[in-house]
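Trainee: I have not worked with this structure before, and I would like to go through it slowly with you.

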Amino acid sequence: MILAAGVLKRLAIAIAVLGAIGAGALWFLSAPERLNAGEVAALGNGDAGRGERIFHAGGCTSCHARPGATAEAVLELAGGLELKTPFGTFVAPNISSDPSDGIGAWSAEDLGNAMLKGVAPDGSHLYPAFPYPSYARMQPSDIGDLHAFLKTLPPVSGKAPGHQLGFPFNIRRGLGLWKLLFLSDRPVIALPADATEQARLGRYLVEGPGHCGECHTPRNAIGGTDESRWLAGAVAAEGEGNVPNITSGEGGIGAWSESDIASFLESGFTPDFDTAGGSMAAVIRNMSKLRPEDRAAIAAYLKAVPPHPNGY
Amino acid sequence: MKKLAVVLSIVALGTGVALADPHEDREAVMKSFGRSLGPVFPIAKEEKPFDAATVQAALVAFNEQAQKFDVAALFPEGSTSKRTSPKIWENMADFQARADKLKSDAAAAAAAPAADLAAFKTRFGGLMDNCNGCHEAYRLSGD
């Protein structure tokens, strides 16, 4: 009996040690990763003029403007929009230039860490309701330019309320493991070697700043986008209804020409004179501010992505 | 006489069925909006030259369809569908006000012909804001 108890004790110690190693490994693996020195240097000096295009491409106002704001008031990035998802309710923060309630005190490096690595200035992980899994594909210089543009927008005082999330989604550290699975700067779609520059620009705008895949691609059980059904349409993560299939597969937009797509992104009108509804209406307002060649590039890329049947 | 009565009752029945399916009716009305304005989209996009007669005919046709947008008949309480937001019935006063504005804007556009492209684009843009605003607030995407 004494011998058996000793064995049990040793076994318990072994399990505890292994558990500690496992926990340590998880802790290590879930550690926030920041930009390296090369990436920080690549942020550049920031050009607000160029950053304005990135601001519209990124659709910042869709979530960060005060809910219900119209016209020029959308440039007051007070936050407050609630995204009710199966994981809980996320609330878009104030990203105005207010130094205490907004992000006016952030350096370009801070913005780079947030957008490319999903890490806040205090080192904590950000929730991917902020679509950094898409923004991670952006050029650092575009982040530097965006930082310069955000500085030109008005400061708005008042913090937005915090997220309301249940266990285990309220443990930010766990996002480090999620990021190992879903955070990457590589493009989703491998375009053929002879793909046009236009399609490559379109890929950058759609997969990176435009973050189209965040709503138009179905997600798996732990909230990662299913890249095998890229842009195939999805059940809306927030609210009701479905987000349309924007590939050329069945149920998608195969019948639309490139000029139909570009025209829709500018005016909101489909080829059969319907109009964009729901949250796409705000996306159109952003897309309409891009250069015509940007909308044409997005159209060229959408015609080049693999066709899928509806993903919902 | 008997035959006429049968025909009439079939017609009446058919009308009854049509009214009982607001989803199809409202979709048909919406599609008629698009069809009536179809000819002027290329003009608004400046892909075709401005033509006062084409524009006027389309705006008159649109107004005829717009006046058929009867909220009570097309959106009765509880007639939710995949693409209608439940907010329609939560905010019925706003929804009705938007429908009324669409009708009055459509009537005004049909009554006062646009003299040139600039005038037409302003009027057309204003008219289209009705579509965009209501779809943004009350229509779900996808199918």
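Mentor: What follows is a set of questions and answers on this predicted model.

Trainee: How many residues does each chain bring to the contact, and how much area is buried between chain B and chain A?

Mentor: The contact draws on 17 residues from chain A and 16 residues from chain B. Carbon and sulfur atoms give 49% of the area buried between the two chains, an area that comes to about 1500 Å².

Trainee: Which residues in chain B lose the most area to chain A?

Mentor: Taken together, the residues in question make up 32% of what the chain B side buries. They are B:Phe41, B:Glu136 and B:Ser141.

Trainee: Which residue of chain A forms a salt bridge with B:Glu136?

Mentor: Between chain B and chain A the count is 2 salt bridges. In the one formed by B:Glu136, the closest N and O atoms are 2.8 Å apart, and the partner is A:Arg285.

Trainee: Which helix gives the largest share of the side of chain B that touches chain A?

Mentor: That side divides into 5 nonpolar, 6 polar and 5 charged residues. The largest share, 5 residues, comes from residues 117–138 of chain B, which form helix H8.

Trainee: Is A:Leu231 buried or exposed?

Mentor: A:Leu231 sits in the loop between helix H10 (213–216) and strand E4 (234–235) of chain A, and its phi is positive, about 70°, although it is not a glycine. Buried means under 20% relative accessible area. Because the relative accessibility of A:Leu231 is 0%, this residue counts as buried.

Definitions and conventions:
Residues are numbered from 1 along each chain as its sequence is written. Chains are lettered from A and ligands numbered from 1 in the order in which they are written. This is a predicted model: local features need pLDDT of at least 70, side-chain atom pairs count only at pLDDT 80 or more; totals for chains, interfaces and linings use all residues. Side-chain values use heavy atoms; hydrogens and water are left out. Contact means heavy atoms within 4.5 Å. Buried area is the accessible area (1.4 Å probe) that two parts lose on being put together, summed over both. A salt bridge is a side-chain nitrogen of Lys or Arg within 4 Å of a carboxyl oxygen of Asp or Glu. Helices (H or I, at least four residues) and strands (E, at least two) are DSSP runs, numbered from the N terminus. Ala, Val, Leu, Ile, Met, Phe, Trp, Tyr, Cys and Pro count as nonpolar, Asp, Glu, Lys and Arg as charged, and the others, Gly among them, as polar. Buried means under 20% relative accessible area, exposed over 50%, partly exposed in between (1.4 Å probe, protein chains only).
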